[in-house]
Amino acid sequence: MTSTTPILDALLTRRSLKPKLLQVPAPDMQTLQLCARTALRAPNHGNLPVCRFILIDEASREKLGELFRAASLRSGADEEKAARRASKALKGPMLVGFIIRRFDGAEAPLDEQLITAGAALENFLLALQACGFGAIVLSDSCREDPELKSALGIDPDETLCGWITIGTPASDGQPVPESRPEPLGVWKM
Ligand SMILES: Cc1cc2nc3c(=O)[nH]c(=O)nc-3n(C[C@H](O)[C@H](O)[C@H](O)COP(=O)(O)O)c2cc1C
């Protein structure tokens with residue numbers, strides 16, 4: 001059995017923390033930039049810029065909530081549901097959008113591009129954890145809404161893949177035991 005190292009420990013114990021388990025302080029800009037830079041180290045066929053992050057300025061989160069509310073109403077939600085949706089813009093100490101871009105016709109097929117984006121996201125989450133911060137990625141139910149995308153400066157070729165809520169862990173929780181099957185198999189003849 002291989003002995004672990006701090007990096008292996010971090011890999012084996014990363015976990016997401018719901019917004020209610022995250023408190024201030026959030027990372028400062030320098031730390032956030034450092035963590036975002038680790039996304040560039042994801043394996044990348046063709047060196048394509050397949051993903052990026054958008055930090056929501058603290059003073060603009062109310063406005064984001066209004067955009068969420070409007071998008072939710074456009075999708076057919078009633079006022080109550082739209083208000084719940086709007087409140088998500090204010091949850092947690094810091095909110096960062098995760099955007100992916102597809103390059104049709106590139107040498108790297110779309111699934112490879114997606115793998116790169118996923119690896120980039122995981123690097124970002126692990127880097128945050130290494131800096132003492134917790135985070136969770138949650139989907140946007142209105143991610144395809146063209147007006148929401150346009151207001152956020154997201155191109156039609158891009159997808160609003162999720163929102164990353166970031167903050168300081170409110171408690172030292174234990175990692176949830178792994179319940180999925182071992183992902184490594186062996187093929188031999
Ligand atoms: C792009 C993306 C979107 C996600 N959206 C949701 C979501 O809307 N709701 C949810 O419960 N989990 C969502 N998850 C999963 C959580 O972020 C998290 O991984 C899950 O709760 C398992 O926790 P763990 O990361 O500690 O294993 C999403 C994950 C990714 C990568």
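## Overall architecture

The protein contains 6 helices and 5 strands, and the model described here is a predicted one. Followed along the sequence, these elements come in the pattern α-β-α-β-α-α-β-α-β-α-β. The C-alpha trace spans about 60 × 45 × 35 Å along its principal axes.

Of the 189 residues of the protein, 28% count as buried. Among contacts with a separation of 6 or more, 81% are made by residues 24 or more positions apart in the sequence.

## How the strands pair

Strand E5 (158–169) is a partner in several pairings, and each can be followed in the structure. Strand E3, residues 94–101, is joined to E5 by 8 bridges, and the two strands run antiparallel; within this pairing, Phe98 has Gly162 of E5 as its bridge partner.

Strand E4 (134–138) also pairs with E5 in the antiparallel sense, over 5 bridges, and here Ile136 stands opposite Thr165 of E5. Strand E1, residues 22–23, is likewise antiparallel to E5, to which 2 bridges join it, with Leu22 placed opposite Pro169.

## The surroundings of the ligand

Which residues lie around the ligand? They are Arg15, Ser16, Ile136, Val137, Leu138, Ser139, Cys161 and Gly162. Strands E4 and E5 each supply at least two residues of this shell, and the largest share, 3 residues, comes from E4.

Sorted by class, the shell has 4 nonpolar, 3 polar and 1 charged residues. Two residues of the shell, Ile136 and Gly162, have already appeared in the strand pairings: Ile136 stands opposite Thr165, while Gly162 is the bridge partner of Phe98.

## The nonpolar core

In soluble globular proteins, nonpolar side chains tend to be buried together. In this model the largest nonpolar core has 35 residues, and those that touch the most other members are Cys51, Phe124, Leu128, Ala135 and Ile166. At least two residues of this core are supplied by each of helix H2 (29–38), helix H3 (61–74), helix H4 (79–87), strand E3, helix H5 (110–130) and strand E5, and H5 gives the most, with 7 residues.

Cys51 illustrates how parts of the chain meet in space. Leaving aside its neighbours within four places in sequence, Cys51 is in contact with Ala39, Phe98, Ile99, Ile100, Arg101, Ala117 and Ala120. Phe98 therefore touches Cys51 and, as its bridge partner in E5, has Gly162.

## The two sides of helix H4

Helix H4 has the buried residues Ala82, Arg85 and Ala86. Seen down the axis of H4, these buried residues fall within an arc of 100°, and so they line one face of the helix.

The buried residues of H4 pack against H3, whereas the face turned away from the buried side carries the exposed residues Glu80 and Ser87.

## Two details of the backbone

A cis peptide bond, with omega about 5°, joins Val24 and Pro25. Pro25 is found in the loop between E1 and H2.

Asn47 has its place in the loop between H2 and strand E2 (51–55), and its phi is near 55°, which is a positive value in a residue other than glycine. Is Asn47 buried or exposed? Asn47 counts as exposed, because it has 9 C-beta neighbours inside 10 Å, and a residue is exposed if that number is 12 or fewer.

Key. Residues are numbered from 1 along each chain as its sequence is written. This is a predicted model: local features need pLDDT of at least 70, side-chain atom pairs count only at pLDDT 80 or more; totals for chains, interfaces and linings use all residues. A residue is near a molecule or strand if its C-beta atom, placed from the backbone, lies within 6 Å of it. Helices (H or I, at least four residues) and strands (E, at least two) are DSSP runs, numbered from the N terminus. Ala, Val, Leu, Ile, Met, Phe, Trp, Tyr, Cys and Pro count as nonpolar, Asp, Glu, Lys and Arg as charged, and the others, Gly among them, as polar. Two strands pair if DSSP finds at least two bridges between them. A residue is buried if 20 or more other C-beta atoms lie within 10 Å of its own, exposed if 12 or fewer, and partly exposed in between; C-beta atoms are placed from the backbone. Two residues are in contact if their C-beta atoms, placed from the backbone, lie within 7 Å. A nonpolar core is a set of buried Ala, Val, Leu, Ile, Met, Phe, Trp, Tyr and Cys residues joined through C-beta atoms within 7 Å. The arc is that of the directions from the helix axis to the C-beta atoms.
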